[in-house]
Amino acid sequence: MTSRTIPESNRREFLRAAGLAAAGIALGGSSLLVPRRAAGASGVREIEIVARETRWELAPGKVIRAMTYNGQVPGPTIRLREGERVRITLKNELAEPTTIHWHGVDVPNPMDGVPGITQKPVQPGETFVYEFEARPPGTRWYHTHFAEHRQIDLGLAAPLMIEPAVPDPFGSDREYTLVLDDWATGTGRPLPSTREGTAGARGSMGGMMGGMGRMMGGGMMGMGGQTPAYDTMTINGKAYPATEPLHVRKGERVRLRLINASADHTHVIRLAGHRLKVTHTDGNPLVQPVEVDAVPIAPSERYDVFFVADHPGAWFLYCAEEGHPGAGEQVAVVYEGHEGKTPEAPIEGITDLSLWRYGLGRGRDVLHAASGHEQTFDLTLSGGMMGSDVWTINGKRYPNTDPLRLRKGDRVRVRFNNMSMEAHPMHLHGQSFKVLAVNGRRLRQPIVKDSVDVDAHMGSVDIEFTAHNPGDWFFHCHKPMHMEGGMITLAKIA
Ligand code: C2O
Ligand code: CU
C-alpha cells in the first residue's frame with residue numbers, strides 16, 4: 001500500500017508563501033504532497049527554522065502570544081529519510097535566548113541543544129546551525145531546551161519524522177500527525193494535574209485538583225516549579241471547535257502519529273466507534289500491532305497507531321480524561337459522504353476502557369550491539385513533598401546529582417524507583433533504551449523507547465541501553481516543573 005495524505009490547503013499555501021515548502025518542511029498530513037528538494041551539491045538538506053513570537057488563536061476568542069517555529073503552532077513538520085544528512089539553521093528572533101533539542105534523534109553531542117552542556121544559548125538575533133544524520137527512523141520531535149517551562153508551554157515544539165530506509169510492515173493509506181498540548185491561558189477552569197503514570201495497569205486518575213488555586217498572573221508564564229493552571233487542551237495548536245477535521249474514506253487504514261508535547265498532562269486518546277492498534281512506541285516498531293480502546297500518552301511520549309475505517313459516519317477522536325474534551329481536546333473524524341454531520345459527544349472517563357500499557361507490547365530489538373562491560377544504576381526519584389518544588393534523583397538536585405559515568409559500548413541498566421506522589425516521564429538524550437520491566441514485572445519482549453513514564457507511589461521501571469553515542473547527555477524528567485526542581489542527571493559517555 002502507498003501512503004496518501006490530505007492537503008491542509010490553507011497551511012500549505014502559508015508554507016508556499018513563506019518559501020518553506022521547497023525546503024522540505026510541511027505540516028501534519030500534507031507533507032508528502034510537498035516536493036522534496038533535492039539535496040544541494042553538498043548532499044545535505046538545508047532547512048531554516050525561525051523562532052519568533054506571534055499572536056496565535058487557540059480557539060475562537062482565545063488568542064495568545066505564542067512562541068513559534070516559523071510562525072505556527074506546532075512548528076513545521078520536518079520529514080527526513082533515515083541516514084539523510086540535514087543542516088538546520090535556527091534563527092532566533094525571540095526577545096530571549098533559545099536552543100533546539102532533537103528529541104529521540106541520536107545526534108552528535110554538540111548538536112543536542114542543551115544550553116550549558118552541549119552549546120551556548122542562541123541569543124536574540126543570532127543563528128545556530130544544527131547538522132546531523134537522521135537516525136533512528138520513526139516519529140521524533142523537536143522542541144526548545146531553554147527555559148522549557150515557559151518556552152514549550154508557549155508553543156516551541158514540532159514533529160520530526162524519519163522515514164525508515166526499509167519500510168516498516170504497517171502500511172497505511174493515509175496518515176495524520178497529531179500534536180497534543182496543554183495551555184495555561186488564564187481563561188478557563190484549570191484541569192486537575194496528571195499525577196498517575198501510564199506504565200502499569202492504569203486506574204483512575206489521582207483526582208486531586210493539583211493545579212487549582214495556583215492560578216498565575218496572566219496564566220501563561222509558569223514560574224518556579226509550580227504547575228501552571230492548564231485550562232486549554234489542543235490538537236495541532238487548536239482547541240475544539242477550532243480543531244481541523246480529519247477526513248477518511250471507508251476501507252482505509254489510517255495511521256495516526258500521536259505526540260504529547262504537554263508539560264503536565266497525560267492524554268488518553270480514543271476514537272469513538274473504532275479501536276486503535278498501536279504499532280510504534282516513541283517511533284520504534286513493535287513486532288505486531290496491539291489493539292486497545294485507548295492509548296495513554298505521558299508527556300514527551302509518542303505512539304503511532306492505526307485504525308481501520310470500517311464504521312462510516314462522523315466520530316470524535318478525543319482524550320477520554322475527564323474535562324479534557326471540554327477543554328478542547330477533540331477533533332472530528334469524518335468519512336467521505338458524511339461531511340457536515342456532527343459526531344456524538346465524547347464519553348469521558350477511562351475506567352471501562354482497555355488501555356495500552358507497556359507490558360502489552362512486544363518490541364523489536366533495534367539497539368546497538370554492546371561491546372564493553374555492564375553497568376547498573378539505581379535511581380530513586382523523590383520530591384514534591386508538602387507541595388515543595390524540589391525534585392531529586394538519589395536525594396540530590398541537579399547540578400548536584402551524580403552522573404552516570406560510562407564508556408562507549410557499555411551495556412547499561414538503570415532501575416528507577418519512584419518514591420514520590422507523581423509519575424515521572426524519564427527521558428534519555430542521545431540514545432534509545434529497552435524497557436525491561438515495569439513495577440517488578442518483566443516484559444515478554446522489551447519495547448524500545450526514549451521516554452518512560454515511571455508510576456507514582458513506588459512505581460519502578462528497569463531499562464537497558466547501549467552507550468553508543470559519546471558525550472554528556474541529559475537524563476531527566478520531561479515535566480519541566482520537575483526538571484526545574486532538579487530531577488536531572490547526566491549520562492557521561494567517554
Ligand atoms: Cu524532549 Cu531533554 O528533552
Ligand atoms: Cu517528573
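Here is a quick briefing on the chain, its confidence, a copper site and one of its sheets. What you're looking at is a predicted model, and the protein chain in it is mostly strand by element count, with 31 strands against three helices. Average pLDDT for the chain is 87, but a couple of stretches fall well short of that, with values below 50 over residues 1-36 and under 50 over residues 202-225.

**The chain overall**
- The protein chain runs to 494 residues, and 62% of them are buried.
- Take the contacts between residues at least 6 apart in sequence: 77% of these join residues at least 24 apart.
- About 18000 Å² of the protein chain is exposed, and carbon and sulfur atoms account for 51% of that area.

**Where to trust it, and where to be wary**
- A pLDDT of at least 70 is reached by 86% of the residues.
- Residues 1-36, with pLDDT below 50, still make 83 contacts in the model beyond near neighbours in sequence.
- For residues 202-225, where pLDDT stays under 50, the model has 59 contacts beyond four places in sequence.

**The copper site**
- Three protein donors hold the copper ion (ligand 2): ND1 of His424, SG of Cys477 and ND1 of His482, at 2.0 to 2.1 Å from the ion.
- Along the chain, these donors are spaced as H-x52-C-x4-H.
- His424 belongs to strand β25 (residues 424-428) and Cys477 to strand β30 (residues 471-477), so this pair ties together parts of the chain that lie 53 residues apart in sequence.
- How buried is His424? Its relative accessible area is 0%, so His424 counts as buried.
- Cys477 is buried too, again with a relative accessible area of 0%.

**A six-stranded sheet**
- Six strands line up as β22-β21-β24-β29-β26-β27 in an open sheet with mixed pairing.
- At the edges are β22 (391-393) and β27 (441-449); each has a single partner strand, so one side of each is left without a neighbour in the sheet.
- On average, neighbouring strands of this sheet are turned by 20° against each other, ignoring direction.
- Inside the sheet order, β24 sits next to β29; the two run antiparallel, and seven bridges join β24 (residues 411-418) to β29 (residues 460-466).
- If you want a spot to look at in the model, try Phe416, which stands opposite Val461 in β29.

Conventions. Residues are numbered from 1 along each chain as its sequence is written. Chains are lettered from A and ligands numbered from 1 in the order in which they are written. This is a predicted model: local features need pLDDT of at least 70, side-chain atom pairs count only at pLDDT 80 or more; totals for chains, interfaces and linings use all residues. Side-chain values use heavy atoms; hydrogens and water are left out. Helices (H or I, at least four residues) and strands (E, at least two) are DSSP runs, numbered from the N terminus. Buried means under 20% relative accessible area, exposed over 50%, partly exposed in between (1.4 Å probe, protein chains only). Contact means heavy atoms within 4.5 Å. Accessible areas come from the Shrake-Rupley method with a 1.4 Å probe; for residues, only the protein chains shown count as cover. pLDDT is the predictor's confidence in each residue, from 0 to 100. Donors are N, O and S atoms within 2.8 Å of the metal (3.2 Å for Na, K and Ca); water is not among the atoms, so sites may look incomplete. Two strands pair if DSSP finds at least two bridges between them. Axes are lines fitted to C-alpha atoms, for helices over the stretch in contact, and angles run from 0 to 180 degrees between N-to-C directions.
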